Amino acid sequence: MPDISLTTVLVLCAAALAAGWIDAVVGGGGLLLLPAMLLGLPAGTPAAYALGTNKAVAIVGTTGAAVTYARKTPVDVRLAVRIGLAALAGSTAGAFVAAGLSTEVLKPVVMVVLLGVGTFVILRPAFGTAPSPGPVSPRRVLAAIGLAGLGIGFYDGLIGPGTGTFLVLALTALLHLDLVTASATAKIVNCCTNAGALATFAWKGTVFWQLAALMAVFNLAGGMVGARTALKKGSGFVRVVLLTVVFALVANLAYQQWLA
């Protein structure tokens, strides 16, 4: 357990609760949780400990949200796991590339993509409001495994912010899912990628397990409540949260690129 005050621990637990809720609804909880970890840990703590502890917390909330969704909404678990395994491979490759590449040059590109996505969702009010009435073609399934799995998994290993949000958008577009089902599927995919990342951080010994266990309880509660909220409120509510997270991502990346 790092040497931090009780007040800081409580703030981190509150951040874990809120991040679990956001992540369960539409992804992007890391936007809140990781900066809170970086600020809350003692000065001079290597960033790897914040990343590792963050993954140990997030995987619990993600799993709780995935189970809650699976009980209440029809999710193709086998397809989600296939995409998740591809994402695991992609994130591993991205992590290796990140070691020798400056991700700063990619952040403006990601911002442009996010702005384009946000504009598309605004201009297409029906996007993700209802699933496709017919079966999804094998070609679209392969595209989902390639883009949502390998592609977004690679991005997760390379840069990371907004991976859950990108997954929701890609699954909605490629598999013709409504936003609630896409969020449910994305949680299963996230479980796979989080497990791989956590195994790496645990192997390197860069996880504060006691702090992670405490925060994970709050993240789990937030994730389960968030999943129930999304199921109750429906795709229209998820769409509003989605747009909020997309533009928060743009602001966050812009701040890191030009102001930090």
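**Group meeting: aromatic pairs and helix α9**

Okay, let's start with Y49, which counts as partly exposed because its relative accessibility is 24%. Keep in mind that this is a predicted model.

So who does Y49 pair with? By the ring-centre rule there are three aromatic pairs. One of them is Y49 with F208: the ring centres sit 4.9 Å apart and the planes make an angle of 25°, so we call that one stacked. The pair links distant parts of the chain, with Y49 in helix α3 and F208 in the loop between α8 and α9, 159 residues apart. F208 has a relative accessibility of 17%, so F208 counts as buried.

Another pair is Y155 with F166. Here the centres are 5.4 Å apart and the planes are at 85°, so this is edge-to-face. Y155 is in helix α6 and F166 in helix α7, so the pair ties together parts 11 residues apart in sequence. Y155 is buried at 12% relative accessibility, and F166 is buried too, at 13%.

Now on to α9, residues 209–233. Why does its length look right? At 1.5 Å a residue, its 25 residues should span 36 Å, and the end C-alpha atoms are 35 Å apart, so the two agree. There is a bend, though, of about 25° at A216.

A216 is also one of the buried residues in α9, and the others include L211, M215, N219 and G223. What covers them? Among the elements doing that are α1, α2, α3, α8 and α10.

Last thing: just after α9 you hit G234, with a positive phi of about 90°.

Notes
Residues are numbered from 1 along each chain as its sequence is written. This is a predicted model: local features need pLDDT of at least 70, side-chain atom pairs count only at pLDDT 80 or more; totals for chains, interfaces and linings use all residues. Side-chain values use heavy atoms; hydrogens and water are left out. Helices (H or I, at least four residues) and strands (E, at least two) are DSSP runs, numbered from the N terminus. The expected span of a helix is 1.5 Å times one less than its number of residues. The bend at a residue is the angle between axes fitted to the seven residues ending there and the seven starting there. Buried means under 20% relative accessible area, exposed over 50%, partly exposed in between (1.4 Å probe, protein chains only). Contact means heavy atoms within 4.5 Å. Rings of Phe, Tyr and Trp (its six-membered ring) pair if their centres lie within 6.5 Å; planes under 30 degrees apart count as stacked, over 60 as edge-to-face and the rest as tilted.
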